[in-house]
Amino acid sequence: MSDTPSNKSSNPAEASATRLADDVIAVQRAPSPTRSSSAYRAFGATLKGLRTTLARTLEKPTTIQYPEEKTPVYPRFRGRHKLHRFEDSGLEKCVGCSLCAAACPAECIRVVAAENTPEHQVSAGERYAAVYEINLSRCIFCGYCEVACPFDAITMGNDYELSDYTRSDLIFTKEMLLADPIERTPLRREGE
Amino acid sequence: MPRPTPNFVTFEIDGRDVTAPEGSMLVDGAKYGDVEIPVFCYEPKLGQPVGACRMCLVEIEGIPKLQTACSTPVRDGMVVITGSQRVKQAQNAIVEFLLVNHPLDCPVCDKGGECPLQDIAYGWGAGRSRFIEPKRHFEKPLELSPLIAIDRERCILCFRCVRFSQEISEDYQLTFLERADSTYVGTHHGHPYVAPFSGNIVDLCPVGALTSSAYRFRARPWDIENAGSICTICPSQCNVTFSVRDDMKVLRVFARDNAEVDDGWLCDRGRYGFQAIHSPERITRPKVKEGGTLREVSWDSALAAAAEGLRKAGAGTAALAGGETSNEEGFLLQRLMREGLGSPHVDSRASGPIEREHARALARPELAAMVSDIDHAGAVVVVDSELQDESPILDLRVRKAIRRLGVKVIVVGGRPGALDPPADAIVRTIPGGAEAALGGLAAALGEVEPADGAPADRRAPRDSSQTPVGGLDERQHGEPARQGESVEGGIDDLSRRAGTSAESVRNAAAILRAAGPVVVLWGERLSHGARGGAGVNALLALARALGIPETEGAGLIEVPAGTNARGLREVGCLPGLGPGLADAPSAGRAATEMASALGDELSALILLGADPLRTHPDRAAWTRALDAAGFVVAFSDFPTEALTEHADVILPLESYAEREGTITHPDGRLQRLRQAIGHPGDVRPVWSVLAELSARLGVPGAEGFLTSPMVSRALFDAVPFYAGLTLEEIGGKGKRWQERSAAAAAPAAPELPAPGDLDAPPEPLEPENGDLRLGTARSLWSGRETEHSPILRFLAPGQRVELSAEDGVRLGVASGDEVTVARNGSSVRGVAALRDGLPPASVYLYEGTAEGNATELLNGEATTVRVHKAAAE
Ligand code: SF4
Ligand code: SF4
Ligand code: SF4
Ligand code: SF4
Ligand code: FES
């Protein structure tokens, strides 16, 4: 343990000499305080801190008037998921392969697939997701589902407003995930 | 053929010394040293390897070229290298080659996640492909049959499915069509591949080319949990795995290899019949009849009503246990009857009583063969049973024995069956003629010299040097006292009564005499009806004549009508026999006698998963009996005619995926049923319902049964020859009780009869006025699994009236004609089918069909019926 970078000792021989046993950590102490250093600590440091405080009182407040105003997020912010459709055909991109469910460490995705028929073509492949549910009260927003998806059918969106009154309302169904969110979260602009 | 004992050889693989059985293929031998060699086409269940895929290439010192490990047997001192650069390159090349035409549409492929091609490409492939050319294309997905979808683009031409169809199930339907990279799997003329065992190819296919329509897209391997249990649909009692989703839904059933039971195969009824578990028609709440209509009630009031009605009837209660009843349920039922109600009238057999002595004799360990004895027998005799319909997995077992192990097969019975083509001899009788035929066979085996008339080439070698050790000749020389001649009338007379030729009987006897140990697979039908006792006697005489008690690896295996027939007998569900086949305090009535006594001496009836209108002979008598019964309590999973009209209390029955307990294979193997899914609706475990009902009726100790293992324990204590058995000992592969020391406690039985002790079988019925003798058969596809599983429904059979061609001509009936079959005022309709090889003046009908059930015409006696073309409606 004494070999961790926090041990500043440059001499390995010295470090090993001060090592008492494996379970004892040698603590490096600052030099014992002198009179002048004590005085500096009592007044100098306090005045330095006050300067920062006084300087801030002159600035404009940074409070954001949520929910009237929203914090913009970075484009890669991992918020509530979205399912996608092909823009041309309108078919769902998700084929119900369950790979996202396999990847999810929180086990909060449930997929039940079914077979497409010519009369009822839902997705582009042979199969489609008849049930697609994400339990957002369990999701840890890790984004693994997005990475696992071979068809870019599920992506992490930007919405972070996900509170609700009951837990079951946080189970998002396929229809909810396919629909565009009503209010969009602002994205942070370049350089912001 | 005696069971081979393996010799072990030592060879070197990747620098380690490994000891493996001699003759095993390198792929298997390598496993003894924990070395994995990838394979696609190799599957030992399919017999000889074909070396079609080349995935298993390895380097063997001294051989310049790489060798296929799946078809190279291990030899002593062999040096094998599986990790060299050369081998790696070959493996990479094969994977790349297989993927040249492979679509790699894993996300939409049903095999994804459990696909050997995925695993092997990942583990042994190069990771990239150099091919940019277009791949081959087929129309996809297509129905290979209503049960199986085929995607030919994914096929890697490994031959497994074709080999299964050609060499295991021998239906010869699947084949490779075209050549080179146009090759594809298909059937001749594109007929749907419908066969009793077709679903096995889904398990076999190493890629997603063949998928089950019932499971297609239902779940991924990580969405399901697999739970092992037993299929209780038929007496084969195959070991299965249920794939369960969300703890409540069975999504598929596949084989759980047990070489002693099923060899790793399943029939399609077992594979797809699980859908009935989730049928919306299933009864899931108790119902009580009030004012003529059935109303759903709480368990408490249902049990109160049942207990009260039964208490009133008391000793006037009768009980029928259906074939799928578990040992525990049967045990509790007979205690409820005998101790709670004081009634001895409990039966698990549909078609008449079995004598106590016979029940005990048939349970004797020395007369029992185990399923794997079929593989190593000298000869197998199949008596009065169409295995493919009645115990399908035994059909595959016998086929394997014939094809791969050279076992001789003799078929005795009236109806031409699926085993006729490969059989070595056929003793074709008239319906009900098996008793006489077996007596004749026993007598012919006793003859010292084969009589004239037996074809010389078929005659057994007389030269004692050719007699197998422990074979029959030696023993029979020792006891020449009873010979065929001593039988009244002799072999010729017996053959006449069986409706067969003495020549075919002698011919069969000659084959048996020359063969080693003989396994007799006998259909329960032999023990049915008025001549049932005589039938069993003839069977026992044959067992004696074959020297079965003294011969290792010889024995009888029953093919019963009900799945757990053996277990139910042993736990006491027979009118005269209590647990352990001990004499019951008082003899009760058998099912057939209950029918006539109901409404008279008997006033109440318990149906535990039994439907007498469907499975018991003499439907008219049972209809009358159910009408007359004052009180009927029925455990049932589906509303049937018997229930809706006659039941006073209906208690929902568990499905086999919900059950816990044990059942007994016809060869004496106790197997464990384990609960795979939760109970739907209000369904409760049957054992607990029976225990509670018993407690209400004052059966001592019934309140003490809190779990199913407690009932099992009580049952093992009550049957002397199960003594000391535990559920752990039964485990996942089952345990034959004959192999435990407690088997010594099996009840003694009188000496087996000799041919001379048999009473003469009746004269064959001489049909008058163009009537025909009636025989019955069962179809694999009749039953509730077929009717309530949407995917199997297309297979549900109608009545089929099988006639010989001459009778067809004489009656002016052609195949496909609608005909009526009538006897004494009852009649059923069916579609005529003219078949070659049927005995003349006979007709065969199906028992147990939903429409036109042959039980309508049966009454336990040999009968004749009149067949004529139905008037157009
Ligand atoms: S973001 Fe992570 S936790 Fe949430 S659903 Fe996707 S994989 Fe699961
Ligand atoms: S067969 Fe296997 S490798 Fe081929 S598409 Fe299906 S899952 Fe993928
Ligand atoms: S369909 Fe499957 S089992 Fe049959 S040859 Fe092709 S890959 Fe093999
Ligand atoms: S053979 Fe019988 S026991 Fe086996 S799967 Fe089929 S129905 Fe079930
Ligand atoms: S597994 Fe050896 S050639 Fe296919």
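Helices and strands here are DSSP runs, numbered from the N terminus. All the close-ups below come from a predicted model.

**View 1. Ser198(B), tucked into a loop of chain B.** To find this residue, look between strand E9 (184-187) and helix H5 (200-204) of chain B, where the loop holds Ser198(B). Is Ser198(B) buried or exposed? Its relative accessibility is 0%, and because buried means under 20%, Ser198(B) counts as buried. Leaving aside residues up to four places away in sequence, Ser198(B) touches Leu147(B), Ile148(B), Tyr193(B) and Asp268(B). Gln173(B) sits 25 residues away along the chain, and its C-alpha atom is 9.7 Å from that of Ser198(B).

**View 2. Four cysteines of chain A that carry a "binding site" annotation.** The label comes from an unreviewed UniProt entry and covers Cys94(A), Cys97(A), Cys100(A) and Cys149(A). These four are spread over 56 residues of sequence, yet they cluster in space, with a largest C-alpha distance of 10.4 Å. Two of them get a closer look here.

Cys97(A) belongs to the loop between strand E1 (81-83) and helix H3 (99-103) of chain A. With 7% relative accessibility, Cys97(A) counts as buried. Which residues does Cys97(A) touch, not counting residues up to four places away in sequence? They are Arg127(A) and Pro150(A), plus Pro107(B), Arg220(B) and Trp222(B).

Cys149(A) lies in another stretch of chain A, in the loop that links helix H4 (144-148) with strand E4 (154-156). Cys149(A) counts as buried too, at 14% relative accessibility.

**View 3. The surroundings of ligand 1.** Count 14 residues around this ligand, the closest being Cys104(A), Cys139(A), Cys142(A), Gly143(A) and Cys145(A). What is the shell around ligand 1 made of? By class, there are 12 nonpolar residues, two polar ones and no charged ones.

**View 4. The surroundings of ligand 2.** Here 13 residues make up the shell, and His102(B), Cys106(B), Cys109(B), Cys115(B) and Gly208(B) come nearest. The shell around ligand 2 splits into six nonpolar, four polar and three charged residues.

**View 5. Strand E24 of chain B, covered on both faces.** E24(B) runs over residues 631-636, and six of its six residues are buried. In a regular strand, side chains alternate between the two faces of the sheet. On one side of E24(B) you'll find Phe631(B), Val633(B) and Phe635(B), and on the other Val632(B), Ala634(B) and Ser636(B).

E24(B) also has parallel partners. Strand E23 (residues 604-608) of chain B joins E24(B) through five bridges, while strand E25 (residues 649-652) of chain B pairs with E24(B) over four. Val633(B) is a handy landmark: Ile606(B) stands opposite Val633(B), and in E25(B) the bridge partner of Val633(B) is Val649(B). Add helix H22 (residues 641-646) of chain B, and E24(B), H22 and E25(B) make a right-handed β-α-β unit.

**View 6. An open sheet of five strands in chain B.** Follow the strands in the order E2-E1-E5-E3-E4, and you'll pass through mixed pairing. Why is one side of strand E2 (16-21) and of strand E4 (67-68) left without a neighbour in the sheet? Both stand at the edges, each with a single partner strand, so one side of each has no neighbour there. Elsewhere in the sheet, strand E3 (residues 57-60) and strand E5 (residues 79-81) run antiparallel, joined by two bridges. Ile81(B) in E5(B) is the bridge partner of Glu59(B).

Definitions and conventions
Residues are numbered from 1 along each chain as its sequence is written. Chains are lettered from A and ligands numbered from 1 in the order in which they are written. This is a predicted model: local features need pLDDT of at least 70, side-chain atom pairs count only at pLDDT 80 or more; totals for chains, interfaces and linings use all residues. Side-chain values use heavy atoms; hydrogens and water are left out. Buried means under 20% relative accessible area, exposed over 50%, partly exposed in between (1.4 Å probe, protein chains only). Contact means heavy atoms within 4.5 Å. UniProt positions are given in the numbering used here, feature names are shortened, and annotations may be inferred rather than shown by experiment. A residue is near a molecule or strand if one of its heavy atoms lies within 4 Å of it. Ala, Val, Leu, Ile, Met, Phe, Trp, Tyr, Cys and Pro count as nonpolar, Asp, Glu, Lys and Arg as charged, and the others, Gly among them, as polar. Two strands pair if DSSP finds at least two bridges between them. A crossover is right-handed if, with the strands pointing away from the viewer, the path from the first strand over the helix to the second runs clockwise.
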